[in-house]
Amino acid sequence: MSKIKPRGKVPKKAAIDEIIEIKTLIRHPMHSGRMKDKDGKNIPKRIINKFLVKFNGKQVFGMDLEPSISTNPYIAFPFKAKESGTFDFEWTDDNGEKYIMSRRMDVS
Amino acid sequence: MKQQKMKIISRRNVLFLMGGVASSALFTKFAMAKPNLALQRIKEISKSEVEEVDLFLDVPEIAENGNQVKVSFDIDSPMTKDDFVRTVYLLADGNPAPNVAKFSFTTDMGACSATTRMRLSKTQNVYLLAEYNNGKFAMTKSKVKVTIGGCGG
């Protein structure tokens, strides 16, 4: 299986009070538990069930994912830039693993 | 001669047809009786009737591939401490499970919108339910026609 790899796009610079768009994507199979493999056996359920975004340590956005979300979940959301800081993204897998990514943004 | 033959067939067929009509009527009734899980879930979440309003829910009218259907929404809200959207639920009434996603918003975001991609197993309605900070709810729905289902088999 391909490696699970988070990716994200955050503008490096933003103006004060500008609403920016943050785009994230994580490579993940999102097995819904309903698919079958070549031998007709059920592939067990394994999805990303939680996505959290923190800015300077404070939670700003969260999402609970269900099996109805597509393979390689893509999530885009807005954010109002007020100060420079760091975004911490965190995806939680069904098996308890967490995938983490950080992005820095400068506001002037 | 020809007329006579036709008569016989039609007479025999009448019983057949009647049986067919009756059973198909029964079947549609049975199918209709299946509860709408998404609406049930909306009731569970909101604990009351929810007014259908015009929130901006962007889904394609026809999705060729149900595996990757782009969904985005944009709810008009000032997103201040006194007036903001706290939670947005995305639901679908034709998938094996009605829940699709739950978004938690904060006032730091400045706008209430998001984009993701979802699976649709067949042609169905997609619901958007928004919960405001004052405890009020609003919803909207949109029908998506799906050519190839996306839930595996």
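Two strands pair if DSSP finds at least two bridges between them. In this predicted model, that criterion links the two chains: I75(A) has T116(B), in β6(B), as its bridge partner.

**Chain B in outline**

Chain B holds two helices and eight strands. Read from the N terminus, its elements follow the order α-α-β-β-β-β-β-β-β-β. Of the 153 residues in chain B, 31% are buried. Taking the contacts in chain B between residues at least 6 apart in sequence, 68% connect residues at least 24 apart.

The loop between α1 (2-33) and α2 (37-46) of chain B contains N36(B). N36(B) counts as partly exposed because it has 16 C-beta neighbours inside 10 Å. From N36(B) to D76(B) the C-alpha to C-alpha separation is 28 Å, and the two are 40 residues apart in sequence.

**The contact between the chains**

On the chain B side, 27 residues are in contact with 26 residues of chain A. Both β5 (99-105) and β6 (112-118) of chain B supply at least two residues each to the side that touches chain A. The most comes from β5(B), with seven residues. Sorted by class, this side of chain B has 12 nonpolar, 11 polar and four charged residues.

**The six-strand sheet**

One open sheet runs through both chains. Its six strands are ordered β1(A)-β3(A)-β6(A)-β6(B)-β3(B)-β1(B), and their pairing is antiparallel. At the edges are β1 (5-9) of chain A and β1 (56-58) of chain B, each pairing on one side only. On average, neighbouring strands of this sheet are turned by 15° against each other, direction ignored.

The chains meet in this sheet where strand β6 (residues 74-80) of chain A is joined to β6(B) by two bridges, the strands running antiparallel. Besides the partners I75(A) and T116(B), A76(A) has T115(B) in β6(B) as its bridge partner. Within chain B, β6(B) also pairs with β3(B) in the antiparallel sense, over seven bridges. Towards the edge, β1(B) is joined to strand β3 (residues 69-75) of chain B by three bridges, again antiparallel.

Some residue pairs that can be located in the two sheets are listed here.

| Residue | Opposite residue | Strand of the opposite residue |
|---|---|---|
| A76(A) | T115(B) | β6(B) |
| I75(A) | T116(B) | β6(B) |
| V69(B) | M118(B) | β6(B) |
| D58(B) | S72(B) | β3(B) |
| V88(B) | A130(B) | β7(B) |

Is β6(B) enclosed or open to the outside? Five of its seven residues are buried, so β6(B) is largely enclosed by the rest of the structure.

**The ten-strand sheet**

A further open sheet has 10 strands with mixed pairing, in the order β2(A)-β8(A)-β7(A)-β4(A)-β5(A)-β5(B)-β4(B)-β7(B)-β8(B)-β2(B). Its edge strands are β2 (13-14) of chain A and β2 (62-65) of chain B, each of which pairs on one side only. The helix α2(B) packs on this sheet and touches β4, β5, β7 and β8 (137-148) of chain B. The direction of α2(B) makes about 160° with that of β4(B).

Inside this sheet, strand β4 (residues 85-92) and strand β7 (residues 124-132) of chain B pair in the antiparallel sense, over seven bridges. V88(B) stands opposite A130(B) in β7(B).

**The nonpolar core**

In soluble globular proteins, nonpolar side chains tend to be buried together. Here the largest nonpolar core has 54 residues, and those touching the most other members are V88(B), L90(B), L91(B), Y127(B), L128(B) and L129(B). β4(B) provides the largest share of this core, six residues. Apart from its neighbours within four places in sequence, L90(B) is in contact with V71(B), V100(B), A101(B) and L128(B).

**Two methionines with positive phi**

M30(A) is not a glycine, yet its phi is positive, at about 50°. M30(A) is found in the loop between β3 (19-27) and β4 (48-55) of chain A. M30(A) counts as buried because it has 21 C-beta neighbours inside 10 Å, and the cut-off for a buried residue is 20 or more.

In chain B, M79(B) has a positive phi near 55°, and it too is a residue other than glycine. M79(B) is found in the loop between β3 and β4 of chain B. With 21 other C-beta atoms within 10 Å, M79(B) is buried.

How values were computed. Residues are numbered from 1 along each chain as its sequence is written. Chains are lettered from A and ligands numbered from 1 in the order in which they are written. This is a predicted model: local features need pLDDT of at least 70, side-chain atom pairs count only at pLDDT 80 or more; totals for chains, interfaces and linings use all residues. Helices (H or I, at least four residues) and strands (E, at least two) are DSSP runs, numbered from the N terminus. A residue is buried if 20 or more other C-beta atoms lie within 10 Å of its own, exposed if 12 or fewer, and partly exposed in between; C-beta atoms are placed from the backbone. Two residues are in contact if their C-beta atoms, placed from the backbone, lie within 7 Å. Ala, Val, Leu, Ile, Met, Phe, Trp, Tyr, Cys and Pro count as nonpolar, Asp, Glu, Lys and Arg as charged, and the others, Gly among them, as polar. Axes are lines fitted to C-alpha atoms, for helices over the stretch in contact, and angles run from 0 to 180 degrees between N-to-C directions. A nonpolar core is a set of buried Ala, Val, Leu, Ile, Met, Phe, Trp, Tyr and Cys residues joined through C-beta atoms within 7 Å.
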